[in-house]
Amino acid sequence: MNSSFTKAYKKKASALCQLLNFSEAVNTLKLAYNFDKDPSLKKDIEDMESYESNYNRYKHGSERHDLDEALSCITYLVNKIPQNDVLKLYKVEILALKGMTDEASALLKSVSSTGSLSLIHISEPTRPLYISYAVFCLK
């Protein structure tokens, strides 16, 4: 069908996706599908559920200091939602924590909204809390 209702809800879901509110985006798309039965919404729902799953896995990986899991999930999201600079900054953080500072700096340069930032320092995680931080400098 692809009614104006469906278009509006797809637009709302896209905005929620940019805000990393994948759960609400899934609910929005399901609501639109229940109303309109537009077949294109099924694929959109599946994609958004996959984004939500990977984002949750990224967060849990970060919390558990499983940087490989976090990097895998955030890389998937950056590839699927390339216009989201927040996801890119999350990836910069994980790359930096893994000691991949060249890759982190290169990705940071590609971030449109923060193109004037430069990575200047990554702390070593402190034991036993595994606290680490990245310092950025405005150019």
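Reader: What makes the 31 residues of the largest nonpolar core one core?
Author: This is a predicted model. The largest nonpolar core in it has 31 residues. They count as one core because they are buried nonpolar residues joined through side-chain atoms within 4.5 Å. Phe 22, Met 48 and Leu 87 have the most contacts inside this core.

Reader: Which elements give two or more residues to this core?
Author: They are helix H1 (4-18), helix H2 (22-36), H3, H4, H5 and helix H6 (101-110).

Reader: What does Phe 22 touch, leaving out residues up to four places away in sequence?
Author: Phe 22 touches Cys 17, Met 48, Tyr 51, Glu 52, Tyr 55 and Ile 81. Phe 22 also belongs to an aromatic cluster. The other members are Tyr 51, Tyr 55, Tyr 58, Tyr 76 and Tyr 90. The whole structure has five aromatic pairs.

Reader: Why is Cys 17 called buried?
Author: Its relative accessibility is 5%. Buried means under 20%. Therefore Cys 17 counts as buried.

Reader: And why is Cys 73 called buried?
Author: Cys 73 has 0% relative accessibility. The cut-off is again under 20%, so Cys 73 is buried too.

Reader: How many disulfides does the structure hold?
Author: Zero. A disulfide needs two cysteine sulfur atoms within 2.5 Å. The structure holds no such pair.

Reader: Why is Asn 54 called buried?
Author: Asn 54 has a relative accessible area of 9%. The limit is under 20%, so Asn 54 is buried. Asn 54 is found in helix H3.

Reader: What is Asn 54 in contact with, leaving aside neighbours within four places in sequence?
Author: Asn 54 is in contact with Cys 73, Tyr 76 and Leu 77. Thr 75 is 21 residues from Asn 54 along the chain. Their C-alpha atoms are separated by 9.5 Å.

Reader: What makes the link between the side chains of Asn 54 and Arg 57 a polar contact?
Author: The distance is 3.3 Å. A polar contact needs N or O atoms within 3.5 Å, one able to donate a hydrogen and the other to accept it. The Asn 54 and Arg 57 side chains are joined by such a contact.

Reader: How do you know what span to expect for helix H4?
Author: Helix H4 (residues 67-80) has 14 residues. The expected span is 1.5 Å times one less than that number, which gives 20 Å. H4 reaches 20 Å from its first C-alpha to its last, close to the expected value.

Reader: Which residues of H4 are buried, and what do they pack against?
Author: Ala 70, Leu 71, Cys 73, Ile 74, Leu 77 and Val 78 are buried. The buried residues of H4 pack against helix H3 (40-63) and helix H5 (85-97).

Notes: Residues are numbered from 1 along each chain as its sequence is written. This is a predicted model: local features need pLDDT of at least 70, side-chain atom pairs count only at pLDDT 80 or more; totals for chains, interfaces and linings use all residues. Side-chain values use heavy atoms; hydrogens and water are left out. Helices (H or I, at least four residues) and strands (E, at least two) are DSSP runs, numbered from the N terminus. Buried means under 20% relative accessible area, exposed over 50%, partly exposed in between (1.4 Å probe, protein chains only). Contact means heavy atoms within 4.5 Å. Rings of Phe, Tyr and Trp (its six-membered ring) pair if their centres lie within 6.5 Å; planes under 30 degrees apart count as stacked, over 60 as edge-to-face and the rest as tilted.
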